[in-house]
Amino acid sequence: MAAPTGTSDAPFGRMLTAMVTPFTDDGEVDYEGARSLATYLVDEQRNDGLVVSGTTGESPTTSDEEKERVLRAVVEAVGDRATIVAGAGSNDTRHSAELARAAERAGAHGLLVVTPYYSKPPQEGLYRHFTAVADATGLPVMLYDIPGRSGVPIQSDTLVRLAGHERIVAVKDAKADLFAGSQVMAATDLVFYSGDDTLNLPWLSVGAAGCVSVVGHVVGAEIAAMMELYRAGDVAGALAVHRRLLPVVSGIMTQAGGAIMAKAALTLMGRSAGPARSPLTEATEQQIARLREDLIAGGVKPSDGVVP
């Protein structure tokens with residue numbers, strides 16, 4: 001299936017949210033909730049792409065069957081008007097390849113493949129891992145470079161090597177090294193996406209195509225507008241949006257982790273995605289109170305309209 005929003009310079013679209021996986025109160029995956037959330041993100045939050053079963057989607061605690069079913073639900077809901085990227089990474093190369101093939105069967109338009117975590121493989125191991133997953137399907141691949149979680153960065157020379165694979169086309173960067181990313185972009189055709197909401201605008205300034213966001217659950221439309229302003233040459237306008245959203249980014253990304261606080265933010269907006277699965281926990285009352293303040297400070301009005 002062709003990606004409906006991909007272009008040569010932005011193969012997965014530009015505004016992507018790493019979607020949470022909704023659960024019911026008893027901890028089961030809420031597939032109808034996933035359809036509803038995906039529709040809201042595309043139709044109201046201006047996402048032209050979604051990442052399903054990434055870390056924010058609690059992929060470590062969902063089964064392979066659950067991953068495939070939620071992916072199918074999202075593809076059915078919005079796959080005709082948004083690029084659907086399936087998380088297919090793990091620290092087991094064979095398992096990652098199996099996840100990739102399952103995602104292709106389920107109708108995904110692309111794959112997000114994270115650096116194998118905990119094992120700390122050498123760079124040659126990373127090269128072989130990513131190449132094997134890319135060889136497993138005909139889907140384009142976005143590498144996910146997040147050494148803070150995986151323990152190992154994808155070094156620049158490894159990225160240059162991987163760029164030679166015809167299906168490895170992009171990098172979601174959560175390494176926060178804009179200079180290294182600039183060097184890789186200058187040396188290859190790899191397309192970079194900001195994987196850190198604190199750096200969405202700075203990444204645009206060095207050539208990133210877009211972002212894979214967590215705060216996009218509640219301010220995706222504003223981030224999309226910021227990117228449009230920047231691309232149109234209105235840097236001052238983009239900067240104004242960036243600064244207005246700082247409290248929202250702080251409230252969601254600096255307290256208890258993306259999945260926990262994104263679900264808390266959705267609940268405050270009247271769009272509950274249910275609880276998180278253990279070992280994640282619910283946001284505390286104190287965290288929710290601060291989040292409410294931060295949302296309001298960033299121009300986002302909670303559904304009940306109550307200002308603390």
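Which residues of helix 11 (residues 246–253) are buried? In the predicted model examined here, the buried residues of this helix are Val248, Val249, Gly251 and Ile252. These residues cover an arc of only 165° around the axis, which places them on the same side of helix 11. The elements that cover the buried residues of helix 11 include helix 9 (216–231), helix 12 (258–268) and helix 13 (285–297).

Strand 5, which comprises residues 141–145, is mostly covered, with five of its five residues buried. Val141, Leu143 and Asp145 point one way from the strand, whereas Met142 and Tyr144 point the other way, and the residues of both sets are buried. Such a pattern follows a general rule, in that the side chains of a regular strand alternate between the two faces of the sheet. Strand 5 pairs in the parallel sense with strand 4 (residues 110–114) over four bridges, and within this pairing valine 114 stands opposite tyrosine 144 of strand 5. Strand 5 also runs parallel to strand 6, to which it is joined by five bridges, and here leucine 143 stands opposite valine 171 of strand 6. Strand 4 and strand 5, together with helix 4 (residues 123–135), make a right-handed β-α-β unit.

A set of polar contacts centres on aspartate 48 and arginine 14. Aspartate 48 is placed in the loop between helix 1 (31–43) and strand 2, while arginine 14 belongs to the segment before strand 1 (15–18). A polar atom of the side chain of aspartate 48 lies 3.0 Å from the backbone nitrogen of arginine 14, and the side chain of aspartate 48 also reaches the backbone nitrogen of methionine 15, at 2.8 Å. When residues up to four places away in sequence are not counted, aspartate 48 touches Thr5, Phe12, Gly13, Arg14, Met15, Ala82 and Thr83. Glycine 87, by comparison, is 39 residues from aspartate 48 in sequence and 17 Å from it in space, C-alpha to C-alpha.

Arginine 14 itself is buried, because its relative accessible area of 17% falls under the 20% cut-off. A polar atom of its side chain lies 2.8 Å from the backbone oxygen of alanine 209. With residues up to four places away in sequence again left out, the residues that arginine 14 touches include Asp48, Ala209, Gly210 and Cys211, as well as Tyr193, Met227 and Arg231.

Several loops contain backbone geometry that merits separate description. Glutamate 58, which is located in the loop between strand 2 (49–52) and helix 2 (64–78), has a phi near 60°, a positive value in a residue other than glycine. Alanine 176 is likewise not a glycine and has a positive phi, of about 65°, and its place is in the loop between strand 6 (168–173) and helix 7 (178–187). The two residues differ in their exposure, since glutamate 58 counts as buried at 2% relative accessibility, whereas alanine 176 is partly exposed, with a relative accessible area of 46%. In the loop between helix 12 and helix 13, where proline 279 is placed, the peptide bond from serine 278 to proline 279 is cis, with omega near 20°.

Notes. Residues numbered from 1 in each chain as written. Predicted model: local features only at pLDDT ≥ 70, side-chain atom pairs only at ≥ 80, totals over all residues. Heavy atoms only, no water. Buried < 20%, exposed > 50% of the residue type's maximum accessible area, 1.4 Å probe, protein only. Helix = DSSP H or I, 4+ residues; strand = E, 2+ residues; numbered from the N terminus. Arc of directions from axis to C-beta. Contact = heavy atoms within 4.5 Å. Polar contact = N/O pair within 3.5 Å; in protein donor to acceptor, adjacent residues only side chain to side chain. Pairing = 2+ DSSP bridges. Right-handed = clockwise from strand over helix to strand, strands pointing away.
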